[in-house]
Every structure is written in C-alpha cells, then in structure tokens.
Amino acid sequence: MAAFTTWRRPRAMLYAAAGVVALGFFIALEITARRYGLPGPVTNQVQEVVLPPKSGFLLYAGMALMMVVLTWRQRFIALGAAIGIDVVFLLVRWAVGAKLTEGHPFGNGALWVMLGCVVIALTRRTGRERALLLKGVGLGLLLVAGRKTGDTWLLITSRTRPTVLDQYVATADQALGNPSWVVGRIVEATGPIGAHVLDYVYIQLAVAAVVVTMYQLRHVAAERRFPRHHLVRTFLVIGLVGPAVYMIFPVVGPVFAYGADGGHWALADIWPNTLPPVNPPHPMPFDEITPRNCMPSLHTAWATAIFIHSRQGPRPLRYAGTFWLVATLGATLGFGYHYGVDLIAGVVFTLTIETALRALARGWDRSAIQLVAHGTTVFAALLVSYRYLPMEMARHPWLFGPLLLLAMGSVIHGYVRTTRLWEPKAAPALQPEPQPELV
C-alpha cells in the first residue's frame with residue numbers, strides 16, 4: 001500500500017501540473033484572441049451551455065469518450081438525459097421563436113451531462129472512482145476544447161501573419177510533380193459523388209478518431225483504469241503543437257493562393273487546370289480571414305495517427321483506418337487545401353510526436369531518443385529546404401523528389417522498426433515432454 005501511495009503521488013503531481021499548464025494556455029489564448037476583437041476558446045465553450053453549439057456531433061462524441069468509464073446502465077442514463085435536455089432546449093427555442101442562424105440545434109444536452117458528471121464526481125465519488133470519472137470527463141471536454149482552441153489559433157494566424165509563403169511551397173512542390181493540381185483534376189473528373197465522399201471524410205475526422213479511441217478504451221469500465229497511451233493523447237498534442245508551426249511557416253493553400261477562392265488576393269486563378277510557373281518565389285500579402293493552416297498538414301497528421309492506432313484493432317477497424325488515411329490525403333490535395341510537401345511534413349510530424357508520447361508512457365530508451373531526434377531533424381530540414389531551396393528543388397525534381405520521399409521513408413522505417421521492438425513478445429507455447437512408452 002505504501003508503494004502504491006509513493007507511486008501515485010508523483011502521478012498526481014504530474015496531472016496537476018499538466019492541468020495548470022493547460023489552464024494557463026487557455027487563458028493566454030483567450031486574452032490574445034480578445035486583443036484582436038475575437039471570442040476565445042473559453043468564451044465559445046461557455047456560450048454553448050445555452051446557445052446552439054457550433055458542432056453538436058463533436059459534443060456527443062466528447063460525451064461518448066467520457067462514457068467509457070461508466071457502466072452500461074449509467075451510459076443509457078447519461079445518453080437519455082442528454083437527449084432529454086436537447087429536446088427541452090429545442091422546445092424552448094421554438095416557443096420563444098429563436099431562429100437558428102448558425103450551429104446545430106442539438107449538443108447542449110451532451111455538454112450539460114459532462115458538466116453534471118463533474119459535479120457528481122466531486123460530491124458523490126471518492127478515491128479512485130472520483131479520479132476515474134474526472135479523467136473520463138476531462139477526456140471528453142479536452143476533445144471539445146481542442147477543437148475550440150484550434151479554431152481560435154486559426155483566427156490568430158490570419159490576423160498576425162499578413163504575408164504567406166505559398167510561392168515557396170508551390171515551387172518546392174514541383175519536385176513532387178504538383179500533386180495538388182493532379183489530384184484536383186481527378187476529383188473534378190469524379191463529379192459530385194466523389195467530392196461529397198471526400199468532403200464527409202475530411203470534416204468528420206474527429207468522429208473517426210472517437211471510433212478508434214472507443215475501441216482502445218473498451219476495457220476501462222471493467223478494469224477501472226486507462227491504458228498508458230491512446231489516440232486522444234496524440235490527437236491533442238498534434239493540435240497543440242501544430243499551430244505553432246503555422247505561425248513560423250504561414251501558408252494558405254493552392255485553392256486560395258492560386259485559385260478562385262483567394263479572390264483578388266490570389267496570385268493567379270490557375271488551380272487545378274494550369275501548373276504554376278517556376279519563378280523565384282517571394283512572400284505575398286493575403287487577407288486577414290483565411291487561416292494560414294497548411295504547413296504541416298494537420299489533417300494528414302491526424303489521419304496518420306488514426307491509421308497507426310487502428311493497426312492494433314480487428315480487421316474492419318484496420319480497413320477503416322486505411323480508408324480514412326487515403327481519403328483524407330485525397331481530400332487535402334483534391335480540394336486544394338494543401339500542397340504535396342505539406343503532407344510529407346505532416347507524416348514526419350505525427351510519427352515524431354507518436355514516438356515521444358509512446359516513450360513517455362513506457363519509459364525512454366536509446367532507440368526512442370534516436371528516433372525522436374531523427375524525426376525532429378528531418379522535419380526541421382524539410383521546412384528549411386522549402387523556404388531556402390525551392391528553386392533548386394523545382395529545377396532538379398528527379399533528385400529532390402526522391403530525396404523528400406526517402407526522408408519521410410526513413411522516419412517511417414525507424415518508427416516501424418523501433419515500435420516492433422517495443423511490442424511484447426508472445427511466449428512460445430510449451431511443448432509436452434516425451435513420455436516413455438511401455439513395451
């Protein structure tokens with residue numbers, strides 16, 4: 001018992017420190033957003049207690065994550081309460097004649113249930129049960145808060161970065177054969193059906209993450225503890241660190257910089273039918289509305305994380321993870337939201353973060369340190385080459401194209417080789433010893 005208490009104390013201190021850091025980050029982001037006349041993530045979340053939420057699906061997905069710590073009876077009660085509260089909100093809005101101009105007519109109930117579980121944990125639970133319920137609620141609310149934080153980050157990037165580096169990235173992308181232009185024409189050729197499928201996959205990435213996470217956490221209610229590492233941890237760290245790179249390397253994407261969606265700010269209206277010319281690139285001014293959210297591609301990063309974590313599941317889940325990754329890559333390129341080099345950076349970014357989080361959960365060793373250092377170095381080298389060597393990359397595509405793929409492949413190979421060594425080895429089946437036979 002003393003050993004358990006000794007082990008538990010630093011864990012509690014770690015969670016407390018992480019909570020303080022997260023709270024400080026949210027407050028800082030709130031203050032920064034208000035300096036630019038924008039509501040911050042805390043304000044947006046508080047408003048959704050009463051006002052129509054921006055995404056009711058996300059709130060119910062967060063509640064679903066919370067319910068992994070509940071028994072089946074408690075899950076049915078929580079779901080029924082959430083639906084009942086949403087019905088009451090719907091009837092009140094109808095009675096007072098409130099018009100729904102934006103957002104979803106549902107989702108408040110899920111948020112109320114999660115907040116109610118916090119109250120129950122603090123007043124009706126003790127010890128491990130209280131900690132487990134609070135962790136479940138925290139998991140669900142972090143998913144929602146991550147989305148709010150990301151939205152605020154995107155608004156800040158558009159206000160604080162008046163110039164973008166799309167010309168540099170588009171020039172460097174010549175080394176890969178301008179995949180956004182190629183896939184963009186393919187998506188146009190598939191017609192509305194293909195575009196609708198890719199669009200659904202693109203916007204419902206969080207739902208796919210919840211499905212994989214629910215599988216990973218399926219034993220929490222029975223075992224009364226969370227696994228050391230799961231998808232939500234990777235998702236949140238990607239969303240936290242990625243926007244910082246947006247600020248360093250602001251890019252809006254080909255559909256804005258080279259397409260009709262950019263309006264008069266676009267360099268030309270040539271995406272996806274005409275390839276961009278190979279000219280010396282320069283920073284270009286852009287509007288204060290479009291997010292600078294291309295480098296690296298976080299949609300690619302999140303889809304890669306879903307793919308990685310689905311590998312341990314049953315065959316249908318593995319197939320779904322593969323489909324979501326391929327479809328997300330097609331959507332990011334085919335809709336003109338990203339360049340090909342963004343995707344390469346996104347894959348390296350994810351594998352480096354995933355390695356660090358897995359090492360943090362199981363303990364650092366030499367292979368983990370080497371792989372994180374290698375991934376960080378490759379990621380930094382990619383950004384430097386996109387910024388300072390784009391003309392050389394465009395002039396020698398047969399050299400730099402394979403080099404980009406080899407750089408990404410080296411991180412993939414290192415991740416696969418390292419994590420295989422970390423997997424527990426199955427004990428060989430014991431063979432019965434031969435017994436002497438009677439003659």
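## Helix packing and a buried glutamate

In this predicted model, L139, L142, W153, L154, I156, T157 and T160 of α6 touch V232, L236, P243, Y246 and M247 of α11. Let's work through this pair and two other spots.

**Exercise 1.** Work out how α6 and α11 are oriented to each other, and what classes of residue make up their contact.

*Solution.* Start with the axes: those of α6 (residues 127-160) and α11 (residues 231-248) come within 10 Å and cross at roughly 10 degrees. Angles under 35 degrees count as roughly parallel, so α6 is roughly parallel to α11. Next, sort the residues of this contact by class: 10 are nonpolar, 2 polar and none charged.

**Exercise 2.** Now do likewise for α4 and α5, and give the handedness of their crossing.

*Solution.* The axes of α4 (residues 72-96) and α5 (residues 108-124) come within 7 Å, with a crossing angle of roughly 130 degrees. This makes α4 oblique to α5. The crossing is right-handed. On the α4 side the contact involves A78, A81, A82, I85, D86, F89 and R93, and on the α5 side N108, G109, A110, W112 and V113. By class, that gives 8 nonpolar, 2 polar and 2 charged residues.

**Exercise 3.** Locate E48 and decide: is E48 buried or exposed?

*Solution.* First, the place: E48 sits in the loop between α2 (41-47) and α3 (56-66). Then the area: the relative accessible area of E48 is 5%. Buried means under 20%, so E48 is buried. Finally, the surroundings: beyond its neighbours within four places in sequence, E48 contacts P53, K54, L59, N108, L111 and K148. One of these, N108, also takes part in the contact of α5 with α4.

Methods
Residues numbered from 1 in each chain as written. Predicted model: local features only at pLDDT ≥ 70, side-chain atom pairs only at ≥ 80, totals over all residues. Heavy atoms only, no water. Helix = DSSP H or I, 4+ residues; strand = E, 2+ residues; numbered from the N terminus. Buried < 20%, exposed > 50% of the residue type's maximum accessible area, 1.4 Å probe, protein only. Contact = heavy atoms within 4.5 Å. Axes fitted to C-alpha atoms, helices over the stretch in contact; angles between N-to-C directions. Parallel < 35°, antiparallel > 145°, perpendicular 65-115°, else oblique. Left-handed = near helix turned anticlockwise from the far one by under 90°. Nonpolar A, V, L, I, M, F, W, Y, C, P; charged D, E, K, R; others polar.
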